[in-house]
Amino acid sequence: MRYRAMFFMTMASFLIISILSQTSTNFCSLINRCDWRASYFVNPGLRGKPYLIREESSPNYNWDTKAPIEGLPPDLFSVRWESTLLASETCEAEFMIYADDGFQFFIDEKLVFENNYQSNGKRIYKHNFSKGKYHLTLDYYELSLGAFIEFEMKVPNKCKFSLTP
């Protein structure tokens, strides 16, 4: 009987993890780390006071034609994600951002790459980091129709990087 109970608990945990990982939300949970602070705006220009600020695991969403959060429109909104990267040694990182409509990516408030087209665009950028602390900012805007953003950071195994909001 003990094994059946353990199996049931394992299956229940797996089911909960599966359900959580299949949702469209990406905000923090017991499973995900909270590496980014997200600020949602009711306009495409990041103007005014944010409608909502929360910590999230990563800037990866496919909203399609739905609103990103309740209370925001499905079009004409923007999001700013911010994080701090701690590099324990000198190393190169590769950033890939794929978004519809547009984005700008900053390292220590310096614009390093962007896509300002009103359609989807993928950009890849490599950056050499010295040991230290860096402020990352990813600004996203949605004008019309489908909305999504994919963010990926690749770091060689030998590098020790960590992100904190």
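**Serine 83 and its strand environment in a predicted model**

Leaving aside neighbours within four places in sequence, serine 83 is in contact with Asp35, Trp36, Tyr134, His135, Leu136, Leu163, Thr164 and Pro165. The structure examined here is a predicted model. Serine 83 belongs to strand S4, and its side chain reaches the backbone oxygen of aspartate 35 at 2.6 Å. With a relative accessible area of 1%, serine 83 falls below the 20% cut-off and is therefore buried.

Strand S4, which spans residues 77-87, is joined to strand S9 by 11 bridges, and the two run antiparallel. Within this pairing, threonine 84 stands opposite histidine 135 of S9; histidine 135 is also one of the contacts of serine 83. Strand S4 is further joined to S1 by 5 bridges, again in the antiparallel sense. In that pairing, the bridge partner of arginine 37 is glutamate 82 of S4.

Strand S1 also pairs with strand S2 (residues 52-56), antiparallel and over 5 bridges. Arginine 37 has glutamate 55 opposite to it in S2. Of the 6 residues of S1, 5 are buried, so this strand is largely enclosed by the rest of the structure. Strand S9, comprising residues 132-142, is likewise mostly covered, with 8 of its 11 residues buried. In addition to its bridges with S4, S9 forms 6 bridges with strand S6 (residues 102-107), and this pairing is antiparallel. The bridge partner of phenylalanine 105 in S9 is leucine 138.

The structure holds 16 aromatic pairs. In one of them, the ring centres of tryptophan 81 and tyrosine 140 lie 6.5 Å apart with the planes at 55°, so the pair is classed as tilted. Because tryptophan 81 is located in strand S4 and tyrosine 140 in strand S9, the pair ties together parts that are 59 residues apart in sequence. Both tryptophan 81 and tyrosine 140 are buried. A further pair, formed by phenylalanine 129 and tyrosine 134, is edge-to-face, with 4.7 Å from centre to centre and 75° between the planes. Phenylalanine 129 is buried at 1% relative accessibility, and tyrosine 134 is buried with a relative accessible area of 14%. Ring pairs link these two residues with Trp36, Phe95, Phe103, Phe105, Phe113, Tyr125 and Phe151 into a cluster. Two members of the cluster, Trp36 and Tyr134, are among the residues in contact with serine 83.

At the level of the whole chain, the secondary structure consists of 1 helix and 11 strands, with the helix preceding the strands from the N terminus on. Of the 165 residues, 38% count as buried. The exposed area of the chain is about 10,100 Å², of which carbon and sulfur atoms supply 56%. Among contacts between residues at least 6 apart in sequence, 71% join residues at least 24 apart.

The mean pLDDT of the chain is 81, and 78% of the residues score at least 70. Among the elements, strand S1 (residues 36-41) has the highest mean pLDDT, at 97, whereas helix H1 (residues 2-21) has the lowest, at 34. Over residues 1-24 the pLDDT is below 50, and this stretch has 3 contacts in the model beyond near neighbours in sequence. Where pLDDT is low, the predicted coordinates should not be read in detail.

Technical notes: Residues are numbered from 1 along each chain as its sequence is written. This is a predicted model: local features need pLDDT of at least 70, side-chain atom pairs count only at pLDDT 80 or more; totals for chains, interfaces and linings use all residues. Side-chain values use heavy atoms; hydrogens and water are left out. Buried means under 20% relative accessible area, exposed over 50%, partly exposed in between (1.4 Å probe, protein chains only). Helices (H or I, at least four residues) and strands (E, at least two) are DSSP runs, numbered from the N terminus. Two strands pair if DSSP finds at least two bridges between them. A polar contact is a pair of N or O atoms within 3.5 Å; within protein, one must be able to donate a hydrogen and the other to accept it, and residues adjacent in sequence count only if both atoms are side-chain atoms. Contact means heavy atoms within 4.5 Å. pLDDT is the predictor's confidence in each residue, from 0 to 100. Accessible areas come from the Shrake-Rupley method with a 1.4 Å probe; for residues, only the protein chains shown count as cover. Rings of Phe, Tyr and Trp (its six-membered ring) pair if their centres lie within 6.5 Å; planes under 30 degrees apart count as stacked, over 60 as edge-to-face and the rest as tilted.
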